[in-house]
Amino acid sequence: MNLQHSTAVAVSPMAERPAGGSLRRGVKSAGVVCIAAALVGALSLPAAAFGPQGEQFTDAQLASVVAENSQVVTVAADAQVDLIARDGLAGTTAEQLEQIRAAARAAEEAREAELAAAREAAAAVTATATASAAGAAAPAAAAASVNVPSDGSIVGLAQSQLGVPYVWGGTSPSTGFDCSGFTMWVYGQAGYYLPHSSNAQAGYGTPVPASSVAAGDLLVWSGHVAIYAGGNQIIHAATSGKPVKYSNYAAMVAAFGTPQVRRFG
């Protein structure tokens, strides 16, 4: 007896998936595609927006456009005049400027003429002083004609230098004297130091009232010094062109004011 064996495989039918799942997958795929397309468009937008658009121009054409549309500021020749008039200022014209220059030249010429006259006058004074100094007897005679009491020291030393020429910066009989150089030498010979400065000499000696001035006192004006010789006379190196000489004390006070008085010894 043939026995035949058969094997039966039971296959269960595949369960059907609902149709809704396929639909959802399709929607998702479509959404992804749309988003990708949007991103691509967004990324390409700047290049499209900033890229050259329309017609291209040559450099020459661009230069022409710039030239035609550039603003040019033109200042009128009378702009400054208008501004001055507007602001109430006064302007100097070319004619007025020339007049000012001409007046300045005339003033300079007049000043030069005055200086030349002054130089001529100074030269005449110097010549007269030189002639006077040449006659040594004349100053001695002039000194003898003035009755001046002597204190035997300072006044005597001052009298010994009558007729010595005035020399600016001079401090000795051999070189000549200026005013402070003369008093410095005289008081120095008597043993009293004085600086070579008229104003500085006011700080030396003992101050006394001008009403008590006596022979041998130092007289100090602003910028000038002298020695009181008594008898309303002073001895001093007066100025350029004048040798050491006598002068009237009262006249000096009237001209230059009351001096400071310093006493030594």
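Helices and strands here are DSSP runs, numbered from the N terminus. The model is predicted.

**View 1. Gly-257 and Asn-248 flank helix α8.** Gly-257 comes just after α8 and takes a positive phi of about 95°. At the N-terminal end of α8 (residues 249-256), Asn-248 acts as the cap. A side-chain oxygen of Asn-248 lies 3.0 Å from the backbone nitrogen of Ala-250.

**View 2. An open sheet is built from 6 strands.** The strand order is β3-β8-β4-β5-β6-β7, with antiparallel pairing. β3 (206-208) and β7 (244-248) stand at the edges. Each has a single partner strand, so one side of each is left without a neighbour in the sheet. From one strand to the next, the twist averages 35°.

**View 3. Strands β4 and β5 pair within the sheet.** β4 spans residues 218-221 and β5 spans residues 224-230. They pair in the antiparallel sense over 4 bridges. Leu-218 stands opposite Ile-227 in β5.

**View 4. Helices α7 and α8 pack on the sheet.** Helix α7 (residues 179-189) touches β4, β5, β6 (233-237) and β7. The direction of α7 makes about 50° with that of β5. Helix α8 also touches β4, β5, β6 and β7. The direction of α8 makes about 80° with that of β7.

**View 5. The largest nonpolar core holds 23 residues.** Phe-182, Ile-235 and Val-244 touch the most other members. The elements that give two or more residues to this core are α6 (154-159), α7, β4, β5, β6 and β7. With 5 residues, α7 gives the most. Nonpolar side chains tend to be buried together in soluble globular proteins.

**View 6. Phe-182 and its contacts.** Not counting residues up to four places away in sequence, Phe-182 touches Ala-158, Gln-161, Phe-177, Ile-227, Ile-235, His-236, Ala-237 and Val-244. Apart from the largest core lies another, of 10 residues. Among its members are Val-208, Leu-219, Ala-226 and Met-252.

**View 7. Asp-217 forms a salt bridge with Arg-263.** The structure holds 1 salt bridge. In the Asp-217 to Arg-263 pair, the closest N and O atoms are 2.8 Å apart. Asp-217 lies in the loop between β3 and β4, and Arg-263 in strand β8 (residues 260-263), so the pair ties together parts that are 46 residues apart in sequence. Asp-217 is buried, with a relative accessible area of 2%. Arg-263 is partly exposed, with a relative accessible area of 29%.

Conventions: Residues are numbered from 1 along each chain as its sequence is written. This is a predicted model: local features need pLDDT of at least 70, side-chain atom pairs count only at pLDDT 80 or more; totals for chains, interfaces and linings use all residues. Side-chain values use heavy atoms; hydrogens and water are left out. Two strands pair if DSSP finds at least two bridges between them. Axes are lines fitted to C-alpha atoms, for helices over the stretch in contact, and angles run from 0 to 180 degrees between N-to-C directions. Contact means heavy atoms within 4.5 Å. A polar contact is a pair of N or O atoms within 3.5 Å; within protein, one must be able to donate a hydrogen and the other to accept it, and residues adjacent in sequence count only if both atoms are side-chain atoms. A nonpolar core is a set of buried Ala, Val, Leu, Ile, Met, Phe, Trp, Tyr and Cys residues joined through side-chain atoms within 4.5 Å. Buried means under 20% relative accessible area, exposed over 50%, partly exposed in between (1.4 Å probe, protein chains only). A salt bridge is a side-chain nitrogen of Lys or Arg within 4 Å of a carboxyl oxygen of Asp or Glu.
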